[in-house]
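Thank you all for coming; I would like to walk you through one model this morning, slowly enough that the newer members of the group can follow each step. Please look at the picture first, and then we will go through it together.

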Amino acid sequence: MYRRGVSSRTRKLVIGGAAAALLGSALAVGTGMGQAAETGASAGNINALVPALGFSPGNPNATADRVGPTGVNVPGRCPPTQAQVNAQVALKNANLPSGTDLESRIQRFEKTLSAIQDLKCPASSTTLLGRLNSLTALRGNANRDNILRGLGLNETPAG
């Protein structure tokens, strides 16, 4: 059924890439622009809603660990690419919050971290956990609106 000399990992990556492309096409066709504005995530704006990973993607063929952004060893294949994470977030979250308020930001970071773990990579392979912690620390801060004002959609305050 499969050609000789092609690893199962390569087959999975090719199939995963094709699935992500099909998912993107299906979402683009299946959601109208009016509906996208009401529900949050769609193929057109998922890239803007999913926070950047903050660390260069790993090598999918790596067999050894590498040092992650937090100084701990992570699998050499981690983190996945931003496109893979975006596709996983879109697959699992039809209504990704699009607001600039604190809770919307926190939910986007949590859902992105969940997607990374679904792709078999630890949270420590990105800078997202530290950035999420800076956001959750603002929950009790009466000045949080002023702190968030002026920050981009997925920016976090300086720690």
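If we take the contacts in the protein chain between residues at least 6 apart in sequence, 59% of them join residues at least 24 apart. I should say straight away that this is a predicted model, and that everything I describe is computed from it. The protein chain has 159 residues, of which 31% count as buried. Its secondary structure comes to seven helices and two strands, and if you follow the sequence from beginning to end, you will read the pattern α-α-α-β-β-α-α-α-α.

Let me turn now to how some of the helices pack. In general, two packed helices are described by the angle between their axes and the distance between the axes. How do the axes of H5 and H6 cross? Helix H5 covers residues 102–118 and helix H6 covers residues 128–136, and their axes come within 10 Å of each other and cross at roughly 155°. An angle over 145 degrees counts as roughly antiparallel, and H5 and H6 are therefore described as roughly antiparallel to each other. The crossing of these two helices, H5 and H6, is left-handed. On the H5 side, the contact is made by Leu102, Arg105, Ile106, Phe109, Glu110, Thr112, Leu113 and Ile116, while H6 contributes Leu128, Leu129, Arg131, Leu132, Leu135 and Thr136. Sorted by class, this contact of H5 with H6 has nine nonpolar, two polar and three charged residues.

One residue of that contact is worth a closer look, namely Thr136, which has its place in helix H6. With a relative accessibility of 26%, Thr136 counts as partly exposed. Thr136 and Arg105 are 31 residues apart in sequence, and from C-alpha to C-alpha they are 9.6 Å apart in space.

H5 also meets a second helix, H4, and here the axes come within 9 Å and cross at roughly 110°. That angle makes H4 roughly perpendicular to H5. The residues making this contact are Val85, Gln88, Val89 and Lys92 from H4, together with Lys111, Thr112, Ser114, Ala115, Ile116 and Asp118 from H5. By class, the contact of H4 with H5 has four nonpolar, three polar and three charged residues.

Staying with H4 for a moment, Asn86 is found in this helix, and at a relative accessible area of 7% Asn86 is buried. Which residues is Asn86 in contact with, leaving aside its neighbours within four places in sequence? They are Ile46, Asn47 and Val50. Another asparagine, Asn93, is found in the loop between H4 and H5, and Asn93 counts as buried at 14% relative accessibility. The C-alpha atoms of Asn93 and Ala115 are separated by 9.8 Å, although these two residues are 22 residues apart along the chain.

Next comes the disulfide. As a reminder, a disulfide is a covalent bond between the sulfur atoms of two cysteines. The count in this model comes to one disulfide, formed by Cys78 and Cys121, whose sulfur atoms are 2.1 Å apart. The torsion about the S-S bond of Cys78 and Cys121 is about -85°, and so this disulfide is left-handed. Cys78 lies in the loop between strand E2 (73–75) and helix H4 (82–92), and Cys121 lies in the loop between H5 and H6, so the pair ties together parts that are 43 residues apart in sequence. Are these two cysteines buried or exposed? Cys78, at 0% relative accessibility, counts as buried, and Cys121, at 5%, counts as buried as well.

Finally, I would like to mention two details of the backbone, and for these please keep in mind that most residues other than glycine have a negative phi, and most peptide bonds are trans. The peptide bond from Cys78 to Pro79 is cis, with omega near -5°, and Pro79 is found in the loop between E2 and H4. Lys120, although it is not a glycine, has a positive phi of about 65°. Lys120 has its place in the loop between H5 and H6, and at 61% relative accessibility Lys120 counts as exposed.

Notes: Residues are numbered from 1 along each chain as its sequence is written. This is a predicted model: local features need pLDDT of at least 70, side-chain atom pairs count only at pLDDT 80 or more; totals for chains, interfaces and linings use all residues. Side-chain values use heavy atoms; hydrogens and water are left out. Axes are lines fitted to C-alpha atoms, for helices over the stretch in contact, and angles run from 0 to 180 degrees between N-to-C directions. Helices (H or I, at least four residues) and strands (E, at least two) are DSSP runs, numbered from the N terminus. Angles under 35 degrees count as roughly parallel, over 145 as roughly antiparallel, 65 to 115 as roughly perpendicular and the rest as oblique. A crossing is left-handed if the near helix is turned anticlockwise from the far one by less than a right angle, and right-handed if clockwise. Contact means heavy atoms within 4.5 Å. Ala, Val, Leu, Ile, Met, Phe, Trp, Tyr, Cys and Pro count as nonpolar, Asp, Glu, Lys and Arg as charged, and the others, Gly among them, as polar. A disulfide is a pair of cysteine sulfur atoms within 2.5 Å. Buried means under 20% relative accessible area, exposed over 50%, partly exposed in between (1.4 Å probe, protein chains only).
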